[in-house]
Amino acid sequence: MLFRTFDVTALLGKLCEELQVKAVNFNVAVACVSSGEKIMAIGDPERLTQVINNLAENAIKYNMAGGEMELGCREVTDGVEVYVADTGRGIPAEHHSRIFERFYRVDKERSRAVGGTGLGLAIVKHIIEAHGSRVQVQSEVNKGSRFSFVLKKG
């Protein structure tokens, strides 16, 4: 991995634009939330793009028609929090501890319908841990999910 200081706000803005096209196909609105100021962090922007794309694409695919997906970042005490939130189906609590395992699927039938290998969240976990952080998940059935992680300030 190639760690460097980069503008998280700019990265998320670029990804938001790219995700709009995919979101339209699923009838999901995409929002990018930031203070408008540069927020600098330390990390590998290419690997973090992979992470954010994976989380955002899941938030779009497993959302509900007419739902919303939000990308955002904010400065917190110990760094820069990056998050992907959605108003989708949510993940039952009994699955939270296993969703980052390779090939694990919450709903095998629904997962087959939208595609994927069951590796995405395992890759996300690996990349974020290589950045010295952990992926946090908050999710409630029929309310949505929020995945987040904290990067070192740049």
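Begin by selecting Ser 97, which sits in the loop between β5 and α3 (108-114). The model on the screen is a predicted one. Is Ser 97 buried or exposed? Ser 97 is exposed, because its relative accessible area is 65%, and exposed here means over 50%. Now add Val 137 to the selection. Ser 97 and Val 137 are separated by 40 residues in sequence, and their C-alpha atoms are 9.4 Å apart in space.

**The strands around β7**

Val 137 leads to the next stop, since strand β6 covers residues 136-140. Select β6 together with β7 (144-153). Five bridges join β6 to β7, and the two strands run antiparallel. One of the paired positions is Glu 140, whose bridge partner in β7 is Gly 144.

β6 and β7 form a hairpin with three residues between them. Select Asn 142 in this turn; its phi is positive, about 65°, although Asn 142 is not a glycine. Most residues other than glycine have a negative phi. Asn 142 lies in the loop between β6 and β7, and it counts as exposed because its relative accessible area is 58%.

Next, show β5 (79-86) beside β7. How many bridges join β5 to β7? Six bridges join β5 to β7, again with the strands antiparallel. Tyr 83 stands opposite Ser 148 in β7. Keep Tyr 83 selected and add Arg 146: Arg 146 lies over the face of the Tyr 83 ring, at 4.4 Å from the ring centre. Aromatic pairs, by contrast, number zero in the structure.

A further partner of β7 is strand β3 (residues 40-43), which pairs with β7 in the antiparallel sense over two bridges. Here, select Ala 41 and Lys 153, the latter being the bridge partner of Ala 41 in β7.

**The nonpolar core**

Hide the loops and turn to the interior. In soluble globular proteins, nonpolar side chains tend to be buried together. The largest nonpolar core of this model has 37 residues. Which residues have the most contacts inside this core? They are Met 69, Leu 71, Phe 147 and Phe 149. The elements that give two or more residues to the core are α1 (8-25), α2 (45-61), β4 (68-76), β5 (79-86), α4 (120-130) and β7 (144-153).

Select Phe 149 and display its surroundings. Leaving aside neighbours within four places in sequence, Phe 149 is in contact with several residues, among them Leu 48, Val 51, Ile 52 and Leu 55. Its contacts also include Val 80, Val 82, Ile 128 and Val 135.

**Helix α2**

Select α2 from end to end. The 17 residues of α2 should span 24 Å at 1.5 Å a residue, and the end C-alpha atoms are 24 Å apart, so the two values agree. The helix is mostly covered, with twelve of its 17 residues buried. Its buried residues include Leu 48, Val 51, Ile 52 and Leu 55. An α-helix has 3.6 residues a turn, so residues three or four places apart point the same way.

Within α2, select Thr 49. Is Thr 49 buried or exposed? Thr 49 counts as buried because its relative accessibility is 18%, and the limit for buried is under 20%. Leaving aside neighbours within four places in sequence, Thr 49 is in contact with Leu 11 and Leu 15.

**Helix α4 and the glycine after it**

Move to α4, whose buried residues are Leu 121, Ala 122, Val 124, Ile 127 and Ile 128. These buried residues pack against α2 and β7. Then select Gly 132, which follows α4 and has a positive phi, near 75°.

**Two final selections**

Select Asn 27, found in the loop between α1 and β2 (29-33). Asn 27 has a positive phi of about 55° although it is not a glycine. It is partly exposed, with a relative accessible area of 47%.

Finish at Leu 2, in the segment before β1 (4-7). Leu 2 is exposed, with a relative accessible area of 66%. What does Leu 2 touch, not counting residues up to four places away in sequence? It touches Gly 43, Asp 44 and Pro 45. Add Val 124 as a last comparison: Leu 2 and Val 124 are 122 residues apart in sequence, and 16 Å apart in space from C-alpha to C-alpha.

Note on methods. Residues are numbered from 1 along each chain as its sequence is written. This is a predicted model: local features need pLDDT of at least 70, side-chain atom pairs count only at pLDDT 80 or more; totals for chains, interfaces and linings use all residues. Side-chain values use heavy atoms; hydrogens and water are left out. A nonpolar core is a set of buried Ala, Val, Leu, Ile, Met, Phe, Trp, Tyr and Cys residues joined through side-chain atoms within 4.5 Å. Buried means under 20% relative accessible area, exposed over 50%, partly exposed in between (1.4 Å probe, protein chains only). Helices (H or I, at least four residues) and strands (E, at least two) are DSSP runs, numbered from the N terminus. Contact means heavy atoms within 4.5 Å. Rings of Phe, Tyr and Trp (its six-membered ring) pair if their centres lie within 6.5 Å; planes under 30 degrees apart count as stacked, over 60 as edge-to-face and the rest as tilted. A charge sits over a ring if NZ of Lys or CZ of Arg is within 6 Å of the ring centre and within 35 degrees of the ring normal. Two strands pair if DSSP finds at least two bridges between them. The expected span of a helix is 1.5 Å times one less than its number of residues.
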